[in-house]
Amino acid sequence: MTETLKVVIPMAGWGTRMRPHTWSKPKPLVSVAGKTSLEHLMDMFKSLPDPDNSEYIFIVGPFLGEMQIPAFIKENYPALKAHYVVQHEMKGQSHALALAREHLRGPMIMCFSDTLMETDFSFLSKEEADGVAWVMPVEDPRRFGVAEEGADGWVKRFIEKPQSMGNNLVVVGCYYFKNADDLLAAIDNQMQRGVTLKNEYFLTDAISIMIESGAKVRTNRISTWLDTGTIEATLDTNRILLEKIGSKVEKFKGSKVKIVEPVAIHATAEITNSTIGPYASIGANCKIENCQIAESILEADCEIKDSALSRSLIGKQATVKGRGDGHVMQLNVGDTSSIIL
């Protein structure tokens, strides 16, 4: 692959299922297993055939996205060749890609910001298909899109939110296209025909139009797909990632701390007379005193005292002060918020 590979990451949605955290930051900047979701996503692309010959197009939302994502990328990935496109109206995935038209030529990958998976992109250097869709079998495919394969192994069409359980080959939100122009032509066709679902232009419909026009699209099956689209899914992903990567405990300040692995604890955290873990992620500058924290994510600069937390997501600069009676609480607390019991 000698042409520059374009990596498109749409992240303009409002993130309503991640409230209250997405009132103050875009969903990809919520933490999980010691890093933001966006950092875990960027780690996936280390296996690209030629990472240095890649450009990234981030399709961001107005206000929070257009302010915070460019600043985050500049700080954490200063050498990255990046472009930013603002999607002001939430008209769907195909609409988002159409807005990025000026940046799309040649081979491209499109991956949703809340799709974390185990895959190796190096095979793309020799890929001959016009398109590749990453898929994984699931028990109940009805809230996803599925790929319908023909007897010859090529994808016949994609079905968004199928009514039946007969085909469980779910598309996980990552696609490769040999030529971005072909995809854009299909998107133009889709919009001219008004092919929508719930007033949104879904990308799977555009790819089905490509197939109608003769494009050869295949699937690439994976066995691990993690989701950070909801609070519960993010906590589940936190657990799975900590099991996979193991504990990351830096030398934090504190005393009388019992650690039940796996956990992730930032070096600047201050912890006293507390039990941390299992499956707890503690962010930078957190202050924890007389607590039990398990299966939870505490983002940076939290202050937690006299509390027992499980299955909780606590935003940046939030304060939780309990009664110290050992009663286990499940909390979902946004950035800069306070709960005092």
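Helix α2 gives the most to the lining of the second largest pocket, supplying four residues. Since this is a predicted model, the pockets described here are computed from its atoms.

**The second largest pocket**

Alongside α2 (64–76), the elements that each supply at least two lining residues are β2 (31–32), β3 (35–36), β16 (263–265), β18 (280–282) and β21 (297–298). In total, 26 residues line this second largest pocket, and if you want to find its centre, look for S31, G34, K35, T36 and E39, which lie nearest to it. The space inside comes to about 570 Å³.

**The largest pocket**

Now turn to the largest pocket, which holds about 1,200 Å³ of space. Its lining has 37 residues, with R17, K27, Q93, F112 and D114 lying nearest the centre. Two or more lining residues come from each of β1 (5–11), α3 (93–99), β11 (169–177) and β13 (225–227). Strand β11 has the largest share of this lining, at four residues.

**The two linings by class**

Here is how the residues of each lining divide by class.

| Pocket | Nonpolar | Polar | Charged |
|---|---|---|---|
| Largest pocket | 15 residues | twelve residues | ten residues |
| Second largest pocket | twelve residues | seven residues | seven residues |

To locate the two pockets in the structure, start from R17 and K27, among the residues nearest the centre of the largest pocket, and from K35 and E39, among those nearest the centre of the second largest.

Methods. Residues are numbered from 1 along each chain as its sequence is written. This is a predicted model: local features need pLDDT of at least 70, side-chain atom pairs count only at pLDDT 80 or more; totals for chains, interfaces and linings use all residues. Side-chain values use heavy atoms; hydrogens and water are left out. On a 1 Å grid over the protein atoms alone, a cavity is a set of points where a 1.4 Å probe fits but cannot get out, and a pocket is an open set with protein on both sides within 12 Å along at least five of seven lines; lining residues have an atom within 4 Å of a point. Grid points are joined across faces, edges and corners, and a volume is the space filled by probe spheres set on the points. Ala, Val, Leu, Ile, Met, Phe, Trp, Tyr, Cys and Pro count as nonpolar, Asp, Glu, Lys and Arg as charged, and the others, Gly among them, as polar.
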